[in-house]
Amino acid sequence: MNKITILPGASANLSEASFAIHDETHTLGNPLRWMIMKNPKVEFCGYSAPHPSENKIHLRIQMYDNESSLTALIEALEALDGVCGVLEEKYEDATKRWDPKVYAEASERWKPAADT
């Protein structure tokens, strides 16, 4: 099975199309919709999870000026991949600098005072 399929009802030039993205949930759906909507050529984008027992999301994209919704989807996925890459780098850098002793000392300072 393909990861992404075009659902029935898409326009011939794909300026309006709905996609099924398999094995994904709101974790991808919401940021992907946000990234797609940053594209000024996109008129509308929305997603839904058809049913909690189905591990897929449906994504609807409508474009201005007969642009391709498939191109918008691919560009958004690539951009989101880039954002995730930067986030991963920042996280790895921060974990390398993290010192558990500093955290323990800070936790001790912020403990509530004991009742007497």
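The following exchange works through the sheet, the helix packing and the salt bridges of a predicted model.

Biologist: In what order do the four strands of the open sheet lie?

Modeller: The sheet in this predicted model is open, and its pairing is antiparallel. From one strand to the next the twist averages 20 degrees. Read across the sheet, the order of the strands is β1-β2-β4-β3.

Biologist: Which strands stand at the edges, each with a single partner strand?

Modeller: In the order β1-β2-β4-β3, two strands have a single partner each, so one side of each is left without a neighbour in the sheet. These edge strands are β1 (4–6) and β3 (42–48).

Biologist: Which residue in β4 is the bridge partner of Ser-48?

Modeller: β3 pairs with β4 (residues 56–63) in the antiparallel sense, over six bridges. For Ser-48, the bridge partner in β4 is His-58.

Biologist: At about what angle does helix α1 run to β3?

Modeller: Helix α1, which spans residues 26–37, lies across β2 (16–22), β3 and β4. Its direction relative to β3 is given by an angle of about 175 degrees.

Biologist: Is the contact of α1 with α2 made of nonpolar or charged residues?

Modeller: The two helices pack at an angle of about 110 degrees with their axes 9 Å apart, which makes α1 roughly perpendicular to α2. On the α1 side the contact involves Leu-28, Pro-31, Leu-32, Met-35 and Ile-36, and these meet residues of α2 including Ala-72, Leu-73 and Val-83. With no polar and no charged residues in this contact, its 12 residues are nonpolar.

Biologist: Which residue forms a salt bridge with Lys-3?

Modeller: The structure holds three salt bridges, and in the one formed by Lys-3 the closest N and O atoms are 2.8 Å apart. The pair links distant parts of the chain, 21 residues apart, with Lys-3 in the segment before β1 and its partner in the loop between β2 and α1. That partner is Glu-24.

Conventions. Residues numbered from 1 in each chain as written. Predicted model: local features only at pLDDT ≥ 70, side-chain atom pairs only at ≥ 80, totals over all residues. Heavy atoms only, no water. Pairing = 2+ DSSP bridges. Axes fitted to C-alpha atoms, helices over the stretch in contact; angles between N-to-C directions. Contact = heavy atoms within 4.5 Å. Parallel < 35°, antiparallel > 145°, perpendicular 65-115°, else oblique. Nonpolar A, V, L, I, M, F, W, Y, C, P; charged D, E, K, R; others polar. Salt bridge = Lys/Arg side-chain N within 4 Å of Asp/Glu carboxyl O.
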